[in-house]
Each structure stands twice: as C-alpha cells, then as structure tokens.
Amino acid sequence: MTINSDSAWGGKSANPRATISGERPYAQVVLTGTLWNYAASIVVALLQLGYTAYTGRAVSAADFGAFASALSTTQLLGYFANAGLATTVLRSPELTRSLLMATLRLGVLSGLVCLVVVESTAPFWAELWNAPDAEGLLQLLGLQFLFLPLGAVSTAGLRRLLAQRAAVLVETGSQAAGLLVGTLLLAAGWNPMGLAATSVTTQLGIAVLAAALLAGRLPPTSLPPVERRIGFRELASSSGLLAGHQLAQYLTNTMPLWAAGMLLGPVAAGYYSRATLFTGLLLTMLAAGLTRVTTPALTRVRVGALKADELVNTRALRAYEPPAVRRAVTDVLLAGSALSFLPFGLLAGLGPGALEMLLGPGWTEAAQLVPVLSAFSAAAVLYAVGLSVDTVCGCLRRMAIAQTAAAVTTLAWAIAGTVGRSVTMLAWSALAGQLAGLAVQLWMWRSGRVVEASRLWAGYAVHAILGTTTYAAGVAFSRVADSGLSAPTLFVLLVVALVVAGCHSMRRRLPLYQIAVARGLLPVRFLCRSSGRHRGQVTPPKVP
C-alpha cells in the first residue's frame with residue numbers, strides 16, 4: 001500500500017518555473033496545520049503554567065533539580081529509542097505500510113534496549129548527578145520507553161498524511177491527562193515521583209490513541225498488492241544518521257544544565273531548569289509547530305520541483321536547489337523569524353516578573369535568566385527550522401558542520417561559566433551556541449544556493465528590529481505593573497506605539513505580510529453565498 005504524495009506546493013506543474021500563484025492552494029493546508037498546532041500548544045502552555053505554579057510550591061528546588069537531571073538522562077536515551085524514525089516518516093517521499101511496519105519494529109527494539117539501560121544504570125546516574133532521589137525517578141521515567149517509539153512513529157504518520165488535527169488532538173489530550181495524573185500523585189504525597197509519572201502517562205496515551213487513529217486511516221493491506229519492502233539495515237542506516245544529529249543537538253542544548261548540576265549543585269540546576277522550562281513552553285510550541293508542518297510540506301515541494309526540473313539522480317542535484325524550493329525555503333525561514341523574534345522579545349521583557357509571580361518567593365535567580373534564555377529560544381526556533389530544511393534537502397554535511405560550530409561554542413562558554421561559578425554565564429553559553437550554528441547555516445545556504453539570500457537577510461533584520469521593539473514594550477509593561485507609570489516608561493511606550501503605527505501604514509513592505517499575500521493567505525477569505533442562479537459560487541476578494 002502506497003499513500004499518494006504527488007502534489008507539491010499546489011500540485012504538479014509541467015512548467016518547472018511555475019509562478020507562485022500555482023503554489024497557493026497547498027499553502028492553505030500548511031497554514032491550517034500550523035494553526036492547529038499552535039492552538040493546541042497554547043492550551044498545553046496554559047496547562048503547563050498551572051502545573052508549574054503548583055509544583056513550584058509543592059516541590060523544592062533540590063527535588064526539582066534531581067528530577068531535571070533524571071529527565072535529561074531519559075531524554076538523551078530517547079534519541080536512541082526514537083532513532084530518528086519519526087523524522088524518517090515525515091520526510092519520506094512515499095508513505096507505505098512497509099515503511100511504517102519497519103519503523104515500528106525498529107522502534108520497539110530500540111525502546112526495549114533503552115528501558116533495560118535505564119533500569120540497570122539508574123544508581124550510577126544518581127551518584128553522578130549527586131542526587132540520590134534521581135534513582136527512583138529514573139526507574140519510573142524509564143517505563144516511557146515501552147510506549148515512546150510507537151507514539152512518535154504513529155503521530156509522524158498522521159502528520160505525513162496531513163492529518164494534523166488528529167495528531168494535535170492526540171498529543172494535547174495525552175499531555176493534559178499526564179499533567180492531571182502528576183498533580184494528583186503529588187497531592188497524594190508521591191513527591192517528587194509524581195513529576196515522573198506525568199511523562200509516562202503522556203507517552204502511554206499518545207501511543208495508544210495515535211496508533212489506533214493511524215491504523216484507521218491506512219487502506220487495507222491488499223490494496224495495492226505490490227510495494228517495495230523496507231529492509232531493517234537500510235532503515236537503521238538512514239534513520240540512525242538523523243538520530244545521531246538529533247542526539248548531538250540535544251547534548252549541545254543540555255550541556256549548560258549538566259554543567260550546573262554536576263559542578264554548581266542541584267540548586268543551581270533547579271534555577272536553570274525552571275527558567276528553561278518557562279521559556280521552553282513557547283520554544284516547544286513554535287519550533288514543534290513549524291517543523292512538524294513544514295517538513296512534510298517542503299518534502300512535497302522538493303519532490304515535485306525536482307521531477308519538474310528533471311534533476312533527480314543527476315549531478316546537478318548537488319549543485320543547487322530549484323527556484324521553487326529556494327522560494328519556499330526562504331518563505332518558511334522568514335515566517336519562522338517573525339514568529340520567534342516578536343513573541344520572544346515580549347517574553348524577555350515580561351518574563352522575569354511573570355516567573356517570580358508564578359513560582360513565588362525564592363526564585364529570583366531563575367527569573368534573572370529569562371531574558372537571555374528568551375533570546376536563546378528565538379535563535380533555537382530559527383536553527384530548528386533550518387535543520388528541517390537541511391533534513392529535507394538530505395544534506396547531512398551542512399547539518400554536521402552547523403551543529404559542530406554550535407557545540408564547540410556552547411562548550412567554550414560553558415567552561416567559562418563553570419570556572420566563574422555563574423549560572424548566568426551558562427545561559428549565555430546556550431545563546432552563543434545557537435547564534436554560531438545559525439551563522440554557519442546562513443553562510444552555507446548562500447554558497448549552496450538553498451535560499452534567496454538577500455531577501456532572507458533583509459527579512460531577518462526587519463524582524464529582529466521588531467523583536468527588539470516588543471522587548472522594550474515588555475519591559476515597559478512590567479515596570480508599569482511593578483511601580484506605576486513614569487516618564488521614561490511613558491516615552492518607551494510612545495516609541496513602541498509609533499513603531500506599531502509605522503508597521504501598519506507600511507505593512508506591504510513587511511516580509512511576513514508579503515509572503516502571506518503572495519501565498520494567497522491574505523486577505524482572509526470568507527465564503528460568500530450568492531443568490532439566484534449563482535448560488536454556491538464563491539466571490540474571491542481582490543488581492544491588495
């Protein structure tokens with residue numbers, strides 16, 4: 001059985017230089033999927049904020065530091081359990097039953113191996129982190145490896161079939177159930193074990209629901225009768241490379257937390273983890289929402305463009321990407337920059353006060369990390385979208401070089417932070433690493449003709465300026481809430497208002513607005529019923 005994926009950004013075109021108007025219909029599908037992901041992420045973020053407020057008062061900083069260390073260990077092994085299988089499904093040109101069954105078999109095997117490793121090495125990790133409570137937490141968290149691979153592959157299959165709504169509802173409902181179970185267990189005295197039960201319950205729910213929905217969407221095995229079988233070694237080789245890169249990315253991003261836990265103690269790890277979890281809510285929402293939708297979308301764009309240009313299996317494929325791909329990649333990256341710079345700028349200004357109010361007294365050091373980690377999160381969203389671009393293009397060399405630059409830079413700054421015993425410097429190390437990886441990505445994309453470089457850089461600059469404006473607005477609003485309106489705060493708010501007014505009057509020059517109009521996403525289209533013999537026809541609005 002093969003699920004058809006002929007359509008590119010609007011379907012096949014005999015003209016390899018088809019105009020962007022032919023790419024509009026599929027943009028609507030991408031937008032709908034993105035909105036579903038973001039709407040669900042907002043719901044989960046609100047639930048997480050309530051859960052964070054409760055655990056901030058019910059769980060001590062030391063206990064939460066032990067949980068954060070244990071969670072980082074299982075997340076590390078989670079890359080082996082997943083083994084890049086979800087990404088393999090998302091970027092597959094054709095989604096077949098053979099591919100799904102092969103990924104599930106490999107996932108179950110890798111999950112069982114990870115379960116055995118966690119249960120047998122839990123005492124070692126607890127001693128390494130200098131956190132005795134981490135042993136029991138690790139043993140409980142290890143149970144999620146029984147369900148994680150099945151859930152990851154099943155939700156990826158739903159997204160590859162463009163069933164974004166089904167995947168989103170499964171994940172949101174399971175996370176809500178996990179948070180409820182964790183809260184009830186903590187209230188019943190299972191402290192801090194209730195924190196670990198949250199993750200296990202969530203993965204169980206995702207695995208059961210997503211697998212059931214995916215099975216219902218697949219045609220019977222007898223239709224069609226012939227398809228190529230996927231070998232275990234072939235799948236392990238391709239997905240293993242992706243898993244290795246994802247593991248390297250995780251190690252790089254977790255390096256500051258581990259430095260805080262091992263060298264500065266569990267309290268410092270608790271401060272750092274609380275701040276990263278606070279900014280990570282928005283980071284996860286934006287990065288996951290973008291990459292989950294754009295990876296299968298860009299895959300279809302690239303497959304269709306390469307077929308149209310007759311570049312498949314030729315040396316020209318290595319030299320450059322077709323114009324349709326460059327245009328789509330640039331649009332995705334510009335949209336990602338707008339959706340990361342602006343909200344994280346506001347979070348950097350409002351976040352410190354909001355986190356202190358959320359957690360209560362005793363978390364001032366964690367709140368001071370929010371501005372730096374907000375900047376890190378904005379860069380991380382762009383970097384993650386860039387990695388999905390290189391994944392779709394199949395250029396592991398670009399991914400490896402960029403990740404090496406990020407890892408080396410993060411390590412150098414983390415060493416400086418541990419020598420100076422500064423948690424703030426550790427936060428700066430995370431930001432510096434992401435900026436280094438972004439810089440290398442931009443340089444290689446320009447030389448490899450993957451993007452429209454001039455338009456991309458100009459758009460990044462515009463969105464960065466607007467993100468700085470939202471940061472100033474956030475700081476001003478925070479000071480108004482703390483001490484009332486003052487002359488400097490009023491001046492900042494007036495400047496922000498002028499910038500907003502200028503953006504409205506010059507909106508046709510803003511990169512995100514231009515993309516939305518070119519892709520047919522603006523103006524917002526409403527179905528207008530006519531009367532008489534024209535009933536049922538749609539009157540399209542004029543494009544400004």
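# Exercises on a helical chain

Among contacts in the chain (heavy atoms within 4.5 Å) between residues at least 6 apart in sequence, 80% join residues at least 24 apart. This is a predicted model, in which local features need pLDDT of at least 70 and side-chain atom pairs count only at pLDDT 80 or more, while totals for chains, interfaces and linings use all residues. Residues are numbered from 1 along each chain as its sequence is written, and side-chain values use heavy atoms, with hydrogens and water left out.

## Exercise 1: An overview

Find how many helices and strands the chain has, and what share of its residues counts as buried.

Solution. Start with the helices (H or I, at least four residues) and strands (E, at least two), which are DSSP runs numbered from the N terminus. The chain has 19 helices and two strands. Next, take burial: buried means under 20% relative accessible area, exposed over 50%, and partly exposed in between, with a 1.4 Å probe and protein chains only. By that rule, 52% of the 544 residues are buried.

## Exercise 2: Salt bridges

Find how many salt bridges the whole structure has, and look at the one between Glu-171 and Arg-159.

Solution. The rule asks for a side-chain nitrogen of Lys or Arg within 4 Å of a carboxyl oxygen of Asp or Glu. A search of the whole structure gives four such bridges. In one of them, Glu-171 meets Arg-159 at 2.9 Å, N to O. Now place the two partners: Glu-171 sits in helix H7 (residues 164–187) and Arg-159 in helix H6 (residues 148–160), twelve residues apart. Finally, check burial: both Glu-171 and Arg-159 are buried.

## Exercise 3: A salt-bridge network

Work out which residues are linked with Arg-455 in a network of salt bridges.

Solution. Begin with Asp-331, whose closest approach to Arg-455 is 3.0 Å between N and O atoms. This pair links distant parts of the chain, with Asp-331 in helix H12 (residues 323–359) and Arg-455 in helix H17 (residues 453–483), 124 residues apart. Then turn to Glu-452, which also bridges to Arg-455, with the closest N and O atoms 2.7 Å apart. Put together, Asp-331, Glu-452 and Arg-455 are linked in a network.

Compare their accessibility as a last step. Asp-331 has 7% relative accessibility, so Asp-331 counts as buried. Arg-455 is at 31% and therefore partly exposed, and Glu-452, at 29%, is partly exposed.

## Exercise 4: Two packed helices

Describe how helix H14 packs with helix H16, and what kinds of residues make the contact.

Solution. Two packed helices are described by the angle between their axes and the distance between the axes. Axes here are lines fitted to C-alpha atoms, for helices over the stretch in contact, and angles run from 0 to 180 degrees between N-to-C directions. H14 (residues 370–393) and H16 (residues 423–448) pack at about 35°, with axes 9 Å apart. The crossing is left-handed, a term for a near helix turned anticlockwise from the far one by less than a right angle, with clockwise being right-handed.

Now look at the residues. Those of H14 in the contact include Val-372, Phe-376 and Asp-390, and those of H16 include Ala-427, Gln-434 and Trp-445. The residues of this contact divide into 16 nonpolar, four polar and one charged. In this sorting, Ala, Val, Leu, Ile, Met, Phe, Trp, Tyr, Cys and Pro count as nonpolar, Asp, Glu, Lys and Arg as charged, and the others, Gly among them, as polar.

## Exercise 5: Aromatic pairs

Classify the pair Phe-341 and Tyr-460, and say which helices hold the two residues.

Solution. Rings of Phe, Tyr and Trp (its six-membered ring) pair if their centres lie within 6.5 Å; planes under 30 degrees apart count as stacked, over 60 as edge-to-face and the rest as tilted. The count comes to five aromatic pairs. One of them is Phe-124 with Trp-125, edge-to-face at 5.6 Å centre to centre and 65° between the planes. Phe-124 is exposed, with a relative accessible area of 51%.

For Phe-341 and Tyr-460, the centres are 6.5 Å apart and the planes are at 70°, so this pair is edge-to-face. Phe-341 lies in helix H12 and Tyr-460 in helix H17, so the pair ties together parts 119 residues apart in sequence. Both Phe-341 and Tyr-460 are buried.
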